[in-house]
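Here is a short briefing to read alongside the structure. Have the viewer open and follow the points one topic at a time.

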Amino acid sequence: MDFLELSDYVLAGNVAKVAEGTKWMLEHGVEPLSIINEGLIPGMNTVGVLFKKGDMFVPEVMRCAKAMSGGVALIKPLIAERDIPSRGTVIIATVRGDLHDIGKNLVVMMLESQGFRVVDLGVNISPEQFVSAVEKHQPQVIGMSALLTTTMPGMSETIKALEEAKLRDQVKIMIGGAPVTAAFASQIGADGYAPDAGSAVELCGSFVA
Ligand code: B1M
């Protein structure tokens, strides 16, 4: 088993082989962080590229993310918190009145696999809940998802609530979801729009660079 093989198993979404390979490497003294950085993450990077190009679809991406998470779960207990490099904290949720979470969950998985700490508030999240979460977790980025045209106004209401709470300047705001556009993002004063999970990771990366 080598890093390339492990990375290929992530790309194939092979949950059992990723777990087996990760265990084998740990038993053979491979440094835990290297397994993540040189084996698991490169596989997920390729998944992100293929998904963005439309060469991979949601169920496959979910399976790859599950395979990767299985490997990470075996390694996490062996690494002290401080050794895990974090690129920053992202609070993410689907806005008030909206229960769609498949796309948002994909964004969460991709962000986590790329080294962000993600606080996922879930679905149907009000502006007030976003404000409390920002006060609590002090994130660098807030991500809002909406799949219904009727819930998109929840995004601008959340931005207004953050302004009123004097928290707007502390965070970058990313929005996404099928009916959302870049024009809407600039209209409501968000910092960016991501059309898919791969782009969301790129956008967050640019925010924290
Ligand atoms: Co609903 N639904 N739905 N639905 N649903 C849509 C969105 C709809 C377009 C279907 C249609 O009519 N053609 C329509 C919305 C119409 C509109 O407003 N324009 C609709 C409707 C009307 C409804 C209900 C009102 C139906 C009813 O009850 N009468 C109801 C509303 C419930 C509510 O939310 N209050 C409803 C319910 C549901 C289900 C519960 C059955 C289910 C959701 C299950 C779940 O999420 N757990 C559901 C589903 C599955 C869909 C469709 C079929 C698929 C959505 C999806 O998951 N796509 C959808 C039709 C469609 O989009 N073709 C539809 C796959 C997912 C990977 O894509 O979410 O776009 P997406 O995410 C992408 C990007 O958008 C982006 O990255 C993701 C990955 O690339 N992205 C972000 C998403 N969030 C992001 C956040 C970011 C960045 C990028 O930064 C923070």
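In this predicted model, a backbone N or O atom of G97 sits 3.0 Å from a nitrogen atom of the ligand. Two further polar contacts, the cobalt atom and the surrounding shell come next, followed by a pair of packed helices.

**Polar contacts to the ligand**
- D101 brings a polar side-chain atom to 2.7 Å from a ligand nitrogen atom.
- A197 uses a backbone N or O atom, which lies 3.4 Å from an oxygen atom of the ligand.

**The cobalt atom**
- H100 is the single protein donor to the cobalt atom of the ligand, with its NE2 atom 2.2 Å away.
- In the fold, H100 belongs to the loop that joins β1 (89-95) and α5.

**The shell around the ligand**
- The ligand is surrounded by 27 residues, and the closest are L99, H100, D101, S145 and T149.
- At least two shell residues come from each of α5 (102-113), β3 (141-145) and β4 (172-176).
- The biggest share is that of α5, with 4 residues.
- Sorted by class, the shell holds 16 nonpolar, 8 polar and 3 charged residues.

**The α3 and α4 pair**
- The axes of α3 (residues 32-53) and α4 (residues 58-75) come within 10 Å and cross at roughly 170°.
- An angle over 145 degrees counts as roughly antiparallel, so that is how α3 and α4 run relative to each other.
- On the α3 side the contact includes I36, L40 and M44, and on the α4 side it includes V61, A65 and M68.
- This contact of α3 with α4 has 15 nonpolar residues, 1 polar residue and no charged ones.

Technical notes: Residues numbered from 1 in each chain as written. Predicted model: local features only at pLDDT ≥ 70, side-chain atom pairs only at ≥ 80, totals over all residues. Heavy atoms only, no water. Near = heavy atom within 4 Å. Polar contact = N/O pair within 3.5 Å; in protein donor to acceptor, adjacent residues only side chain to side chain. Nonpolar A, V, L, I, M, F, W, Y, C, P; charged D, E, K, R; others polar. Donors = N, O, S within 2.8 Å, 3.2 Å for Na, K, Ca; no water. Axes fitted to C-alpha atoms, helices over the stretch in contact; angles between N-to-C directions. Parallel < 35°, antiparallel > 145°, perpendicular 65-115°, else oblique. Contact = heavy atoms within 4.5 Å.
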